[in-house]
Amino acid sequence: MQNLRRKMVLGIAVAFVLGASAFGHPGSGILVDRLGQIYFIDTGSGLWKIDTRGALSHLSPLRNHWLAMDPNDRFIQSRLPTDSGRDWVITAAGSNPTMLISTDFPLVIGADGNLYYPSARETNVRILRSNGEGRSTAFVTLPRSVAGAALGWINGLTTGPSGSIYYTEDSAVRRITAQGAVSTIATVTPLANGPAIPGSESRPYLRGLKVSSDGTVYVADAADARVLKITPDGKVTTLIQLVSPWAPTDVAIFGDIVYALEYLHTPGDNRLEWMPRIRKISADGKSTIIMTVDQMPGARATKPAASMSFNFGFWILDFGMRIFGTSNFFLSNGFFEHGSNGSNGYERI
């Protein structure tokens with residue numbers, strides 16, 4: 001019986017690992033604090049910071065997807081929303097400012113100090129609001145997508161002027177007022193003869209975005225490998241165009257400077273193959289790469305490892321690279337997640 005149980009668990013685990021590629025995508029999280037320090041998430045190695053001197057430091061090993069900044073350190077771990085089904089986790093990292101790392105969806109601290117994030121496992125997404133006391137309430141139910149289909153997810157979330165919240169669906173940027181009214185800022189059409197980005201099934205694919213004080217939107221179109229600028233009246237222009245397999249997944253703004261988090265995209269789900277870099281775009285349009293994965297100590301092995309092991313205490317799987325050696329894994333929605341003894345929640349890998 002014990003051998004049969006092991007074979008069953010092994011088979012399920014293999015199926016989940018191989019099936020996970022359909023859900024894989026590089027992280028979408030880059031932010032700048034009031035001092036000009038840059039924080040970004042690398043889905044292959046965790047959370048990093050570039051200080052004002054250009055020095056790089058590794059803040060967290062959680063290899064998740066989205067990032068929010070809590071400048072007032074209001075959301076310590078015990079005050080963050082939790083999911084009883086363990087499908088998603090929000091983790092607090094560091095302080096002054098506290099960074100919030102999300103496994104499954106974008107999130108943002110609003111101008112009112114509350115945490116905003118989308119509901120999960122719903123046909124029509126709601127934006128939820130958490131007040132930092134462990135309680136979440138519905139802020140607004142989002143309308144159907146601009147294409148007319150039910151909206152089951154959103155790709156990016158950020159704040160805007162007058163207490164507003166902006167979000168992206170695949171082909172549109174939309175605005176939620178402080179009172180909960182939703183409007184469309186712009187609908188984006190696919191780039192004619194655009195680049196073929198590995199892993200991108202439809203175009204455009206709007207992901208992370210930021211909004212300046214005058215309402216100008218900067219957004220990453222990952223499927224067409226470009227950063228777009230959208231004026232308050234809806235005029236769309238291309239700020240920078242990349243060449244496949246590189247594509248942006250998020251942007252940040254600091255004064256008149258735009259930073260783009262870019263990834264080398266691959267058709268598979270091997271996170272160590274998704275190489276990040278940071279681009280700085282000046283007000284005059286000049287573009288410079290200011291950070292590459294080669295400058296991130298320990299982010300990637302110098303040589304590919306010969307095998308991959310998942311150590312669950314009583315069985316081991318070998319797939320191609322070594323990840324962890326721990327018994328604190330569980331399976332959720334086709335992904336392996338890693339229990340980290342309470343302090344860091346769970347990591348979707």
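User: Happy to start with the strands in this predicted model. Over how many bridges do E5 and strand E7 pair?

Analyst: Strand E7 covers residues 98-102, and its pairing with E5 is antiparallel. The bridges between E5 and E7 number five.

User: Which residue in E7 is the bridge partner of Asp-70?

Analyst: Let's look at the E5 side, where the strand spans 66-70. Asp-70 has its bridge partner in E7, and that partner is Thr-98.

User: What is the order of the three strands in the open sheet?

Analyst: Strand E5 (66-70) and strand E6 (90-93) are the edge strands, each pairing on one side only. From one strand to the next, the twist averages 25°. With antiparallel pairing, the order is E5-E7-E6.

User: Thanks! Now the interior: which strand gives the most to the largest nonpolar core?

Analyst: This core has 17 residues, and Ile-30, Phe-40, Tyr-259, Ile-278 and Met-296 touch the most other members. At least two residues each come from strand E1 (30-32), strand E2 (38-42), strand E3 (46-50) and strand E21 (257-264). The one giving the most, with four residues, is E21.

User: Leaving aside neighbours within four places in sequence, which methionines is Phe-40 in contact with?

Analyst: With those neighbours set aside, the contacts of Phe-40 include Ile-30, Trp-48, Leu-261 and Ile-278. The methionines in contact with Phe-40 are Met-291 and Met-296.

User: And how many residues does the second, separate core have?

Analyst: Good one to finish on! Among the members of this second core are Trp-66, Trp-88, Phe-105 and Leu-128. The number of residues in this separate core is 14.

Key
Residues numbered from 1 in each chain as written. Predicted model: local features only at pLDDT ≥ 70, side-chain atom pairs only at ≥ 80, totals over all residues. Heavy atoms only, no water. Pairing = 2+ DSSP bridges. Axes fitted to C-alpha atoms, helices over the stretch in contact; angles between N-to-C directions. Core = buried A, V, L, I, M, F, W, Y, C linked by side-chain atoms within 4.5 Å. Buried < 20%, exposed > 50% of the residue type's maximum accessible area, 1.4 Å probe, protein only. Contact = heavy atoms within 4.5 Å.
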